[in-house]
Amino acid sequence: MSAVMKILVVEDDHQMSKTICDILRVKGYDTLQAYTGEEAVTLIRSADPDCVLMDIKMPVMNGVEALRMIKELSPEIPVVLMSAFATEAQITEAQKLGAYTVLDKPIDIQMVLSFLSCLKREKSILIVDDDPVFSKTLKDILQSRGYCVETEADPNKVLGRMEGDYKLAVLLDLKLNNRDGLNVLKSIREKYPTKPVLLATSHQEHISDSLKQGLQIGAYACLYKTLETETLLSTIKEIRRKKLSALLGEPFEMPRRIVSEGAPARDEKP
Amino acid sequence: MAGGLRREIAGRKQAEQELKESEQRFKTVFDNNNDGLLVSDIEDKKFLFGNPVISRMLGYGEDELPNLTVADIHPAEDLAYVLAQFEKQAKKEVAVAESIPVKRKDGSVFFADINSAPITLGGRKCLMGAFRDVTVRKQVEEAVRKLNEELEQKVRERTEQLLAAQGELVRAEKLAILGQLAGSVGHELRNPLGVINNAVYFLKSVLPQDNETVKEYLDIIKSEVDISGRIISDLLDFSRTKTPHAYPTSISEIVKRSLHSCAIPETVTVEADLPDTLPPVNVDAVQMGQVFQNLILNAVQAMQKGGSLRISAKTISDFGLQNADSTKKGEHPALEVAVSDTGEGISPENLKKLFHPLFTTKVRGIGLGLVVTKRNVEANNGRLSVESREGEGSTFRILLPLEEAAA
C-alpha cells in the first residue's frame with residue numbers, strides 16, 4: 001500500500017460523490033470518482049485503488065453486481081457499500097461477496113474515516129512466549145505476510161507493551177515460565193476488554209481445562225502448537241476483518257473456539 | 001171452520017215439526033262442529049251455552065258454562081284487549097279475533113282464533129264465538145319468527161364481518177402503498193440529506209476554529225439533518241420487516257453502545273446498573289441497539305427540564321408467567337431490561353394509544369418510533385411493556401427469553 005491511500009468512490013449522485021471526495025481529500029486521501037458500476041470496474045483495472053466506497057442503487061449495473069466483478073478482478077480489495085434503502089437480499093449477497101458492510105445513507109462519514117485510518121494502519125501483532133525459537137520463527141512467517149510483529153517473553157511487561165501502540169491481536173502462550181498465561185489474559189481483558197487474544201498451547205491433553213477457562217475469561221480462540229501457519233493466518237485475517245467491520249457498525253463477536261490441528265479456522269471469505 | 005182449524009193445527013204442527021228439525025239440525029251442527037262454540041250475552045258477557053268441543057277445550061263441564069263470563073276464560077292481564085275485540089265483533093267491525101289467549105279451568109293458557117257472529121236468542125243480543133286452538137300454529141309461527149330473527153342476526157353479523165374484512169383489506173392496501181411510498185420517498189430524501197451532512201462535515205473540517213457562530217449554525221444544520229434522518233429511518237423500518245440475525249450477545253454491550261451513540265444533555269444524569277454476571281441473550285444486536293437508542297432518546301426528550309435516566313438489567317425466572325400458552329410456570333428464565341426516566345410521564349389516555357402507528361405527542365415526529373421499537377423487540381422473541389405516572393416519569397421494560405427457555 002502506497003503512502004497515500006487511493007479511495008475509489010462509486011456514486012451516481014454527483015453532489016454526493018463530490019462531497020464525499022472533498023472530505024476524503026481534506027483528510028489526506030487520494031480519490032477516484034466513478035459514476036457507474038462499469039466505470040468502477042474499469043478503474044479497478046487501470047488505477048489500482050486501495051479501497052472502494054460504492055453506492056448500491058445505480059442505473060444499469062448496481063453496486064452488488066459491480067462488487068461481484070470487482071472481487072473477481074481484485075479479491076483482496078476492501079469494499080464498503082452504501083445504500084439509502086437496500087433490500088435484505090442485497091445485503092446478504094453483498095456480505096457473501098465480501099463487502100465489509102452496507103452503510104445506511106446518510107452515511108456517517110466519521111465512521112468511514114475511522115475505518116480508512118484503521119485500514120491504513122500497520123497490522124501489528126504481539127507474540128507473548130518464553131520460547132525464543134518459537135517467537136522468532138512465527139515472527140518471520142507473519143512478517144513475510146505483511147504483518148508488523150513484536151515479541152515479548154516477560155509476562156510482566158505485556159501490558160506495558162500494549163500501551164500507546166495499536167495492536168490488532170495478541171498471541172499468548174498458555175504456559176509461561178513464572179506466570180500462568182491465564183493471569184496475563186485476565187489482566188489484558190481488564191484493561192482492553194475488546195482486544196482479541198489468541199491462546200496457544202503445546203500440551204494438548206493436560207490443559208484442556210485451562211483452555212476452557214481461557215475461553216470463558218474471553219480469549220478469542222485457542223490454537224494448538226505446532227501451529228499450522230495457514231490456520232493462524234486465516235484466524236488473524238478474520239480478526240482484522242471483524243475489527244474493520246466493527247468500525248462500520250457491525251457487531252464484533254468472539255467465536256471462543258478451540259482450533260485444533262487438521263481443523264482449520266473457518267474463513268468467512270468465500 | 002173446523003177445516004180451517006184443522007188446517008191451522010196441521011200448519012202449526014208442521015211448523016213445530018220444522019222448528020224441531022231446524023233445532024235438531026242446529027244442535028247437530030253446533031255439537032259436532034270442529035271448533036269450540038260458545039254463546040255469550042253481549043250485555044253482561046255471561047255465557048248461555050257452549051258445545052262439547054269448547055267444554056273440552058276449556059276443561060269445564062257443559063253445565064258449568066252458564067256460570068261463567070268472558071272474564072273467567074281469559075288471563076286477567078289480557079282481558080282489556082279481549083273485551084275490546086269482543087265489542088268490535090259485536091258491532092261486526094271485526095269477524096275474526098286472532099291469537100286470543102284463553103285460560104282453561106286449570107289456569108293454563110292456550111291461543112285461539114275466535115270467529116264470532118252476533119245472533120239474537122230469545123230477544124237477547126248474543127255473540128256466538130267459534131274458537132279454534134292455534135297454539136301449535138302459534139308455536140310454529142314463533143319458531144319461524146325466531147329463525148327469521150336469528151337468520152337476520154346472522155346476516156347482520158356476516159355483513160359486519162365482511163365490512164370489517166373489507167376495511168382491513170383497504171387498510172392493508174393503504175399500508176402497502178404507504179410502505180412503497182415510504183421506500184421511494186425515503187430513498188429520494190436520504191441522498192440529499194447525505195449530501196447536506198457531508199457538506200456540513202466538510203465545512204467544519206476546513207473552517208477556522210475560531211468562527212463560533214458559523215460553527216454553531218453548522219451544528220444546528222447537523223442536528224436537524226439527524227432528526228430528519230431518524231424520521232426517515234422510522235418510516236423505512238415501519239414499511240419493511242427485517243428478519244433478525246440473532247446470536248448470543250451481551251445486552252450490556254448493546255446498552256453501553258446505545259448510550260454512547262445518543263447525545264445526552266448535561267441536565268440528565270445517567271445511571272446504568274448492568275451487572276457483569278448477566279448471561280448472553282440470543283438477539284439481533286443491530287435491532288436491539290435501535291430499540292435502546294429509541295427508548296433512551298424518548299426518555300431524554302421526556303426530561304426537558306433535566307432528570308435522571310436509569311437503565312438496569314437483571315435475570316428473572318418468570319418470563320413464562322405472563323405467557324398464556326405456557327403451562328410450566330417459572331421455568332422460563334428471562335433477562336429484564338428497564339429504561340426509566342423521571343420526566344413528564346404519560347397520561348393514562350395517551351398510554352392506551354402509545355403503540356398505535358402515527359400517534360405522537362412530539363413537536364417533530366410521525367409516531368412510528370415506538371411501533372418499530374415494539375416490533376423489533378417482538379421480532380427478537382421479547383416483550384415490551386410500559387408503566388408511567390404523569391409528572392413522575394415512565395419505565396419501559398423489555399423481557400428477553402434466555403437460552404434455556406428456547407431449549
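# Exercises on a two-chain predicted model

The area buried between chain B and chain A is about 2200 Å², with carbon and sulfur atoms giving 60% of it. Buried area here is the accessible area (1.4 Å probe) that two parts lose on being put together, summed over both. This is a predicted model, in which local features need pLDDT of at least 70 and side-chain atom pairs count only at pLDDT 80 or more, while totals for chains, interfaces and linings use all residues. Residues are numbered from 1 along each chain as its sequence is written, chains are lettered from A and ligands numbered from 1 in the order in which they are written, and side-chain values use heavy atoms, with hydrogens and water left out.

## Exercise 1: the interface

Task: find which residues of chain B lose the most area to chain A, and how many salt bridges there are between the chains.

Solution, step by step:

1. Begin with the area: about 2200 Å² is buried between chain B and chain A. On the chain B side, R190(B), N198(B) and Y201(B) lose the most, together 29% of what that side buries.
2. Next, list the contacts, meaning heavy atoms within 4.5 Å. They involve 26 residues of chain B and 24 residues of chain A.
3. Now look for salt bridges (a side-chain nitrogen of Lys or Arg within 4 Å of a carboxyl oxygen of Asp or Glu). There are two between chain B and chain A. One of them joins K57(A) to E188(B), with the closest N and O atoms 4.0 Å apart.

## Exercise 2: a sheet in chain B

Task: work out the order of the five strands in the open sheet of chain B, and explain which strands stand at the edges.

Solution, step by step:

1. Fix the elements: helices (H or I, at least four residues) and strands (E, at least two) are DSSP runs, numbered from the N terminus. Two strands pair if DSSP finds at least two bridges between them.
2. Read off the order, which is 2-1-5-4-3 in chain B, with antiparallel pairing. Strand 2 (47-50) and strand 3 (96-103) of chain B each have a single partner strand, so they stand at the edges with one side lacking a neighbour in the sheet. From one strand to the next, the twist averages 35°.
3. Zoom in on one pair: strand 1 (residues 36-41) and strand 5 (residues 124-133) of chain B are joined in the antiparallel sense by six bridges. Within strand 5 of chain B, M128(B) is the residue opposite V39(B).
4. Add the helices, using axes that are lines fitted to C-alpha atoms (for helices, over the stretch in contact) and angles from 0 to 180 degrees between N-to-C directions. Helix 3 (residues 79-90) of chain B lies across strands 1, 3, 4 (109-121) and 5, at about 140° to strand 3 of chain B. Helix 4 (residues 135-206) of chain B lies across strands 3, 4 and 5, at about 130° to strand 4 of chain B.

## Exercise 3: Q287(B) and helix 9

Task: decide whether Q287(B) is buried or exposed, and find what it is in contact with.

Solution, step by step:

1. Apply the cut-offs: buried means under 20% relative accessible area, exposed over 50%, partly exposed in between (1.4 Å probe, protein chains only). Q287(B) has a relative accessible area of 6%, so it is buried.
2. Locate Q287(B): it is in helix 7 of chain B. Leaving aside neighbours within four places in sequence, its contacts include K242(B), N376(B) and A379(B).
3. Follow N376(B) into helix 9 (residues 369-379) of chain B, where the buried residues include N376(B), L370(B) and V377(B). The buried residues of that helix pack against helix 5 (212-239), helix 7 (285-302), strand 11 (383-389) and strand 12 (393-401) of chain B.
4. Finish just past helix 9 of chain B, at N381(B), whose phi is positive, near 65°.

## Exercise 4: two salt bridges in chain A

Task: for K18(A) and R68(A), find which side chain each meets in a salt bridge.

Solution, step by step:

1. K18(A) meets D22(A), at 3.1 Å from N to O. Both lie in helix 1 (residues 14-26) of chain A, four residues apart, about one turn of the helix.
2. Compare exposure: K18(A), at 45%, is partly exposed, whereas D22(A), at 16%, is buried.
3. R68(A) meets E93(A), at 2.7 Å from N to O. This pair links distant parts of the chain, 25 residues apart: R68(A) is in helix 3 (residues 63-73) and E93(A) in helix 4 (residues 88-96) of chain A.
4. R68(A), at 36%, is partly exposed, and E93(A), at 22%, also counts as partly exposed.
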